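Open the model in your viewer and keep the selection tool ready. Each stop below gives you something to select and tells you what is there.

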Amino acid sequence: AITLSTNMGLYNKSDIVAHFRSSSFSVIDALQYKLDGTTSLTRKRGLKLATALSLNNKFVEGNHDSTISLTKKNMEASVTTTAKVQCPVLRANFQQELSGNMKSKPIISSVIKLKYNFTSAQLHSSAKGAIDHQLTVESFIPYLSIETATKGSMSGSVLSQKYSGAISSEANSYLDTKSMRSSMKLEGTSKVDGIWNVEAKENFAGEASVGHIYTVWEHNGKNHLQLRRGFSTSGEQNSKVTLELAPWTASSVIQVQVSQPSNLFKKASLGQVVTLTASLKDQRAGWKGEGHIQTASFSHNIQLSNDPSEIRLDVASSLEGYMSFLKDALLPVYDTSLWDILKLDVTTSADRKQYLHISSALFYTKNPTGYQFSIPVKETADEFIIPGPELKSLVTPASSPESSYIRLAKKTIMAPFALSLPSLPQVKFPRVEVSTEYSTSEGSTLPFFGVTVPEFQVTLSSFTLPKKLPLAGAILDLNELANKIADFDLPSITMSEQSISVPTLTFWLPTGIFLPS
């Protein structure tokens, strides 16, 4: 038999308070529980909402407390939750803390912890571990910072076979009006006694700004595997990738190194490197690699380049090892081995290494002479004059002589202006002087126009978040709404003036066509 009891009350005095209580009684201890809850709303000097819950049972215990407060100058919140499980085979503790405030700058922090212990004599198994997670978010206009860290571990046994593992990660990001930076670190291990042992590490970092992007990724790993039938292997893996981008240039490098010897292959490794660089003047790509299997080794090298004078491709490859296996390669028609057909006994012996190298080069030399078709350009002290097509009007008997010319000023002044949108900060653009030049670059057969926009800064004016919003043809006053709920005013949130830098940009426009002879 079980008896249930539930009580609830609501009180409205200076504060609004609600109580809730529920309990049970039974001859079975597992069916007995007690649950208490309280919620209060205070409207003095602002708004404060507080909630508390508690649960008691033979196997489960828990508590929850939360508070949210709003005042004229601050907003603050906190949440705390704890739980405990106690069963014959499982014991666990859980804790969470979440808090945030806007006193000097908005900050949110979270902490989560979990510990558990599982034991089963019938299954001959056990597991014990812990998890710890932390998160912090910090914002203060104009920057945003996020940091997180996680750690976890586990150990136990299954049918008397012991195992263990661990993981750890860290990540952070930083963002402002000029750049963004992020990094991540991850480490993990896994081990089963007498079978395997694996370790891995990952690292990533990146940075991005208006005129530059750079990223790097690294991986390092170790492993060991031991099977009961006698096979075993141990190896390492290392790799790295980098990427860099800038206006009109790019570069990337990929590196891979793997070594995995075993009782079948005493030596087994592989290494590869890929490179790439590109700019407006030249481009280069390369691929190098080498590998080893037992006593045999091989390597290759491929290089491709393109510059103003030529396009070139270089290929080289080599192979080294013992050739004694050719004695076992019999040709059915001749009933003899490849070793005898090639008469290798004359030049070498089975206990000597053989070496084979192949290389080749292919290139195309660009002809500097040819046929050039350029647009005539007349240069004056202040402008460039380009003759355009003569178009005769069907209405007027003749067009003005000035209409058949295109004029480009050497200096063009862009007056400052401001862009304003409703409910958004004003964007101000400064005075910018755009320059145009006409010249022939080094190594080029065609003249060109170079248009340069110098570095300038775009300004975002200071901005206060509005407290009145248009909604369906009416005006929603958030401050008035807050006064009706509680006796407090919404805090004013103001974004300070910010500047965003725009780097120098140059565009090249050819003024003709070149056909090589």
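Select Tyr 11 and its surroundings. Leaving aside neighbours within four places in sequence, Tyr 11 is in contact with Ile 16, Val 17 and His 19. This is a predicted model. Tyr 11 sits in strand β1, residues 2-12. Its relative accessibility is 44%, so Tyr 11 counts as partly exposed. Now add Ser 40, which is 29 residues away along the chain. The C-alpha atoms of Tyr 11 and Ser 40 are separated by 9.3 Å.

Next, select Arg 21 and Asp 36. They form a salt bridge, with the closest N and O atoms 2.8 Å apart. Which parts does this pair tie together? Arg 21 lies in strand β2 (residues 16-26) and Asp 36 in strand β3 (residues 33-42), so the link joins parts that are 15 residues apart in sequence. Are the two side chains buried or exposed? Arg 21 is partly exposed at 44% relative accessibility. Asp 36 has a relative accessible area of 19% and is buried, because the cut-off for buried is under 20%.

The structure holds 6 salt bridges. Two others are worth a click. Lys 185 and Glu 187 meet at 3.6 Å, N to O. Lys 185 is partly exposed at 38%, and Glu 187 is partly exposed at 30%. Then go to Arg 312 and Asp 314, which meet at 3.0 Å, N to O. Arg 312 is partly exposed at 27%, as is Asp 314 at 25%.

Move to residues 90-101, strand β7, and residues 107-120, strand β8. They run antiparallel and are joined by 12 bridges. A hairpin of 5 residues connects β7 to β8. To check the register, pick Ala 92: its bridge partner in β8 is Tyr 116.

Extend the selection to strand β9, residues 125-140. β8 and β9 pair in the antiparallel sense over 14 bridges. Here Ser 110 stands opposite Leu 135 in β9. The β8-β9 hairpin has 4 residues between the strands, and His 124 in this hairpin takes a positive phi near 55°.

Now select β25, β26 and β27. They make an open sheet of 3 strands in that order, with antiparallel pairing. β25 (378-379) and β27 (405-409) stand at the edges with a single partner strand each, so one side of each has no neighbour in the sheet. Between β25 and β26 (residues 383-387) there are 2 bridges. Lys 378 stands opposite Ile 385 in β26.

A second open sheet comes next: 4 strands in the order β28-β31-β32-β39, with antiparallel pairing. Its edges are β28 (411-414) and β39 (505-510), each left without a neighbour on one side because each has a single partner strand. Neighbouring strands are turned by 20° against each other on average, direction ignored. Strand β32 (residues 448-453) pairs with β39 over 6 bridges. Val 453 has Leu 505 as its bridge partner in β39.

Keep Val 453 selected for the last stop. Which residues make up the largest nonpolar core? Its 6 residues are Val 427, Val 432, Val 434, Val 453, Phe 456 and Val 458. β31 (432-439) and β33 (456-460) each supply at least two of them. Nonpolar side chains tend to be buried together in soluble globular proteins. Finish on Val 432. Not counting residues up to four places away in sequence, Val 432 touches Thr 412, Ile 413, Met 414, Val 453, Pro 454 and Phe 456.

Terms used. Residues are numbered from 1 along each chain as its sequence is written. This is a predicted model: local features need pLDDT of at least 70, side-chain atom pairs count only at pLDDT 80 or more; totals for chains, interfaces and linings use all residues. Side-chain values use heavy atoms; hydrogens and water are left out. A nonpolar core is a set of buried Ala, Val, Leu, Ile, Met, Phe, Trp, Tyr and Cys residues joined through side-chain atoms within 4.5 Å. Buried means under 20% relative accessible area, exposed over 50%, partly exposed in between (1.4 Å probe, protein chains only). Contact means heavy atoms within 4.5 Å. Two strands pair if DSSP finds at least two bridges between them. Axes are lines fitted to C-alpha atoms, for helices over the stretch in contact, and angles run from 0 to 180 degrees between N-to-C directions. A salt bridge is a side-chain nitrogen of Lys or Arg within 4 Å of a carboxyl oxygen of Asp or Glu.
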